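Q: Please take a close look at one part of this model: the pairing of its strands. I would like one connected account.

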Amino acid sequence: NQKLEELLDLDNRLAKLKKDGKMRSYKKTFYLKKVKEEAEKNGLNVELVATKAYSPRLIINGYQVNICGTEARTIYHFPRKGNPTVYYRFAVSSRPHDFSIFVLEEPEEKFTYYIIPYKMIKALNLVTLRTTYENPRNKGRNGSKYLQYRNAWNLLSEPVNE
């Protein structure tokens, strides 16, 4: 089916969305492509699934993944000494899936990925993440329950529990 093939050609899709000025769909597809490339780089089996005209979805090693990305940074306070802490905020999808993959887009085309099992966050509406959790005043205790999920592609390589 030619229409489905067009949907699955992410580069073409990105060019068309940009030309049509559909920037929200463009960004969603951009992050989908980034996750696909990173998962493949990590040796994972990636399947791109498209139905009708909807944005394609990814299945990684048999897991349904939901992808959110943002470059919008939030700073809650500016300390007198040192740099402010930058946060990235994400809405949690209520649609059932196995893993949420959050893409933090940093300046200079750097990306940090959080691969979080949906069961860990399904009760939340919002997740706030940081690119790093090193706190000089908090030696040895980097206080985030999400730190273990930063770039945790290994979670997707474990077999799917049927």
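A: Two strands count as paired if DSSP finds at least two bridges between them, a strand being a DSSP run of E with at least two residues, numbered from the N terminus. The model is predicted, with local features requiring pLDDT of at least 70 and side-chain atom pairs pLDDT 80 or more, while totals for chains, interfaces and linings use all residues. Residues are numbered from 1 along each chain as its sequence is written, and side-chain values use heavy atoms, without hydrogens or water.

One open sheet has five strands in the order 1-2-3-6-7, with mixed pairing. Its edges are strand 1 (46-49) and strand 7 (110-117), each of which pairs on one side only. From one strand to the next, the twist averages 30° (axes are lines fitted to C-alpha atoms, and angles run from 0 to 180 degrees between N-to-C directions).

Starting at the strand 1 edge, four bridges link strand 1 to strand 2 (residues 57-60) in the antiparallel sense. Here Leu-48 faces Leu-58 of strand 2. Strand 2 is in turn antiparallel to strand 3 (residues 63-70), the two being joined by two bridges, and Ile-59 is opposite Gln-64 in strand 3. The hairpin of strand 2 and strand 3 has two residues between the strands, and Asn-61 adopts a positive phi near 50° there.

At the other edge, strand 6 (residues 99-106) and strand 7 run antiparallel and are joined by eight bridges. Leu-104 is placed opposite Thr-112 of strand 7.

Strand 7 also holds Tyr-114. Tyr-114 counts as buried because its relative accessibility is 0%; the limit for buried is under 20% relative accessible area, with a 1.4 Å probe and protein chains only. A polar atom of the Tyr-114 side chain lies 2.5 Å from the backbone oxygen of Arg-130. Along the chain, Tyr-114 and Leu-147 are 33 residues apart, yet their C-alpha atoms are separated by 8.4 Å.

A further open sheet has three strands in the order 4-5-8, with antiparallel pairing. Strand 4 (74-75) and strand 8 (126-129) are its edges, each pairing on one side only. Two bridges connect strand 4 with strand 5 (residues 86-91) in the antiparallel sense, and Ile-75 sits opposite Val-86 in strand 5.

Conventions. Buried < 20%, exposed > 50% of the residue type's maximum accessible area, 1.4 Å probe, protein only. Polar contact = N/O pair within 3.5 Å; in protein donor to acceptor, adjacent residues only side chain to side chain.
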